[in-house]
Amino acid sequence: MPPTLASVVRNSSLHLTVLAGADHLERPVRWVHTSELDDPTPFLEGGELLLTTGIKLGRTAAQLQAYVHRLADAGVVGLGLGVGLSHTEVPQPLVDAAAQRGLPLLRVPEPTPFIAISKVVSAALAAEQYEAVTTSFEAQEELTRAALGKDGTTAVVRRLAARLGGWAALYDGSGALSVVAPDWAARRAGRLAAEVDRLRRRPAPSSAALQGRSPGIDTADEDYVVVQSLGADRRARGFLAVGTEDRITPTERYVLNAAVALLTLTLERSRELRQAEERMGAALLRMVLAGEVATARQVAVGLFGGLPEGTIRVLVAGAGPTADAADALVELGDRAEQAGSRVGEKLLVAREDGTHGPRLMVLALDNGAVHRACLGVVEEHEGLSLGVSAPAVLEEAGTAHAQAERALAVALRGGRRSVDHEEVGAGSLLPLLGEDAVTAFAEGLLRPLREHDRTARGDLVASLRAWLSRHGQWDAAAADLGVHRHTLRYRMRRVEELLGRSLDDTDVRMELWLALRSGEE
């Protein structure tokens with residue numbers, strides 16, 4: 001801690017006397033400044049002990065009061081007046097003004113030179129800086145040893161909390177709480193979810209200081225909280241939060257920065273290992289999709305403890321070629337792996353560049369933690385879509401992958417976040433076709449009928465729709481239209497004439513029905 005006015009006053013060699021502001025002597029002194037100016041504030045930064053002989057202070061109470069107000073407004077922590085030159089004693093109006101503003105006023109006797117006060121404060125500041133360097137170096141050594149040991153990240157978080165005399169928490173890249181110390185702080189760390197999520201959406205490194213109290217924490221649990229994202233590139237790999245009773249001191253800031261650097265290094269090292277594991281997992285997934293399940297099982301036992309067992313699904317995510325979309329796919333893969341890791345659920349993940357942009361394939365248990373996490377991520381990100389296969393066994397993964405790809409195509413064309421294969425199988429053929437192609441086909445095929453309906457009697461388009469929907473049953477279709485069946489027969493002959501095609505042809509009927517339905521989708 002920097003020296004305070006109280007520690008300066010207690011120095012018996014200075015012979016200082018407190019005349020006002022005795023209740024404010026615990027203020028830290030950042031520097032000592034000597035000035036005889038009537039207004040020295042342009043040369044002050046705040047936190048100074050100002051020394052003066054009072055040559056230009058003025059003699060009236062109003063002048064002395066204005067001088068004190070200027071100093072107090074500038075953040076001066078104390079005023080020392082040297083007696084014996086301009087003033088034989090400290091003017092009482094100056095004492096009264098200082099008492100009114102709560103500004104400590106010190107009487108400096110004539111034998112005490114101002115330089116002696118400056119030396120005392122400078123020596124204390126140097127001692128503080130030496131202590132800060134020594135303490136931060138010791139803390140860095142301690143944290144480094146912790147990081148190199150077993151359960152390095154957990155050990156670093158625990159040592160950091162002990163060093164700060166508060167609590168510390170580590171969150172993974174998805175914002176989920178992974179380590180907290182001491183254990184009683186879990187409730188407080190959990191309440192920072194919204195702040196961590198906000199930082200998760202910002203490029204790393206970034207931080208937030210919540211001065212006063214943690215969001216949502218009861219009055220009895222007031223904290224000064226700092227949250228810092230961890231990562232060597234623009235994407236956060238994790239988050240560190242610390243809570244202390246008082247604001248973090250410069251020395252504690254050094255300790256916190258050392259912990260941030262070590263945790264970032266650990267996470268980046270873990271990321272490289274994870275990337276190697278991802279490449280092996282991707283190779284295994286492609287073996288499974290190719291039908292080489294038995295070989296993949298043998299390899300996976302040694303690497304990942306085995307493959308997912310039971311009913312599985314294949315999920316394929318796709319997005320546009322933008323940087324944000326690519327980042328969203330990376331996050332999807334990370335969140336899927338984190339969800340599986342938390343509950344011990346096995347999965348396989350592979351990233352690839354498709355014809356229409358990057359793709360992410362995930363093979364996971366049906367309705368498991370990974371499956372649910374993927375659905376949650378695509379709901380959070382605009383432009384990210386997910387195709388989900390039907391439930392299958394591992395030996396059917398190739399078929400499931402094809403189903404997921406078709407479902408993804410429907411999702412992308414329809415601007416939907418996720419589509420299950422069941423929806424594709426139970427729905428219309430139209431969503432599987434290119435929207436532009438279907439529209440152009442329908443407009444070209446039905447144009448003669450629409451032009452007729454605009455200029456002549458008889459609604460040929462509506463009549464054709466009714467007739468096709470009744471599978472060519474004249475009476476039923478005529479009843480739907482409210483016309484005589486002979487009228488409907490006439491209209492259908494007119495349709496054949498305008499289109500130059502026979503309605504007896506099954507292919508013609510199918511194409512016309514497809515064109516009519518495309519306008520309804």
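**A predicted chain, from overall form to single residues**

Of the 521 residues in the protein chain, 45% count as buried. The model behind this figure is a predicted one, and a look at the whole chain comes before the details. The chain holds 18 helices and 15 strands. Its radius of gyration is 39 Å, whereas a compact globule of 521 residues would have one near 24 Å. Taken along the principal axes, the box filled by the C-alpha atoms is roughly 125 × 65 × 35 Å. The accessible surface adds up to about 26,000 Å², and carbon and sulfur atoms account for 51% of that. As for contacts, take those between residues at least 6 apart in sequence: 62% of them join residues at least 24 apart.

Strand β6 makes a good starting point among the strands. β6 spans residues 167-172 and is mostly covered, with six of its six residues buried. In a regular strand, side chains alternate between the two faces of the sheet. In β6, W167, A169 and Y171 point one way, while A168, L170 and D172 point the other way, and all are buried. What does β6 pair with? One partner is strand β10 (residues 238-244), which runs antiparallel to β6 and is joined to it by six bridges. Within that pairing, L170 sits opposite L240 of β10. Another partner is strand β7 (residues 177-181), paired with β6 in the antiparallel sense over four bridges. Here A169 has V180 of β7 as its bridge partner.

The β6 and β7 strands also form a hairpin, with four residues between them. In the turn of this hairpin, G175 has a positive phi of about 95 degrees. G175 turns up again in connection with A193: the two are 18 residues apart in sequence and 6.9 Å apart in space, C-alpha to C-alpha. A193 itself belongs to helix α7 (residues 193-200). With a relative accessibility of 43%, A193 counts as partly exposed, since buried residues have to come in under 20% and exposed ones over 50%.

Strand β8 (residues 207-210) has faces of two kinds: A208 and L210 make up the covered one, S207 and A209 the uncovered one. β8 pairs with strand β9 (residues 224-230) in the antiparallel sense, and four bridges hold for this pair. A209, from the uncovered face, has V226 in β9 as its bridge partner.

Helix α9 (residues 293-304) shows its own division into sides. Its buried residues are V293, A296 and A300. Why do they count as lying on the same side of α9? They cover an arc of only 50 degrees around the axis, and that puts them on the same side of the helix. On the other side of α9, the exposed residues are A294, Q298, V301 and G302. Just after the helix comes G305, with a positive phi of about 80 degrees.

Next come the aromatic rings. The structure holds one aromatic pair. The pair is made by W467 and W474, with ring centres 5.4 Å apart and planes at 40 degrees, so it is a tilted one. The label follows from the angle, because planes under 30 degrees apart count as stacked and those over 60 as edge-to-face. Are these two tryptophans buried or partly exposed? W467 is buried, at a relative accessible area of 4%, while W474 counts as partly exposed, at 21%.

Two residues outside the helices and strands round off the picture. T4 is found in the segment before α1 (5-9). T4 is buried, with a relative accessible area of 14%. Leaving aside residues up to four places away in sequence, T4 touches L25, E26, R27, P28 and V29.

P391, in turn, sits in the loop between β14 (385-388) and α12 (397-414). P391 is partly exposed, at a relative accessible area of 38%. Again not counting residues up to four places away in sequence, P391 touches T311, I312, R313, D366 and E422. E331 lies 60 residues from P391 in sequence, and the C-alpha atoms of the two are 24 Å apart in space.

Methods: Residues are numbered from 1 along each chain as its sequence is written. This is a predicted model: local features need pLDDT of at least 70, side-chain atom pairs count only at pLDDT 80 or more; totals for chains, interfaces and linings use all residues. Side-chain values use heavy atoms; hydrogens and water are left out. Rings of Phe, Tyr and Trp (its six-membered ring) pair if their centres lie within 6.5 Å; planes under 30 degrees apart count as stacked, over 60 as edge-to-face and the rest as tilted. Buried means under 20% relative accessible area, exposed over 50%, partly exposed in between (1.4 Å probe, protein chains only). Two strands pair if DSSP finds at least two bridges between them. The radius of gyration is taken over C-alpha atoms; the globule rule is 2.2 Å times the number of residues to the power 0.38. Contact means heavy atoms within 4.5 Å. Accessible areas come from the Shrake-Rupley method with a 1.4 Å probe; for residues, only the protein chains shown count as cover. The arc is that of the directions from the helix axis to the C-beta atoms.
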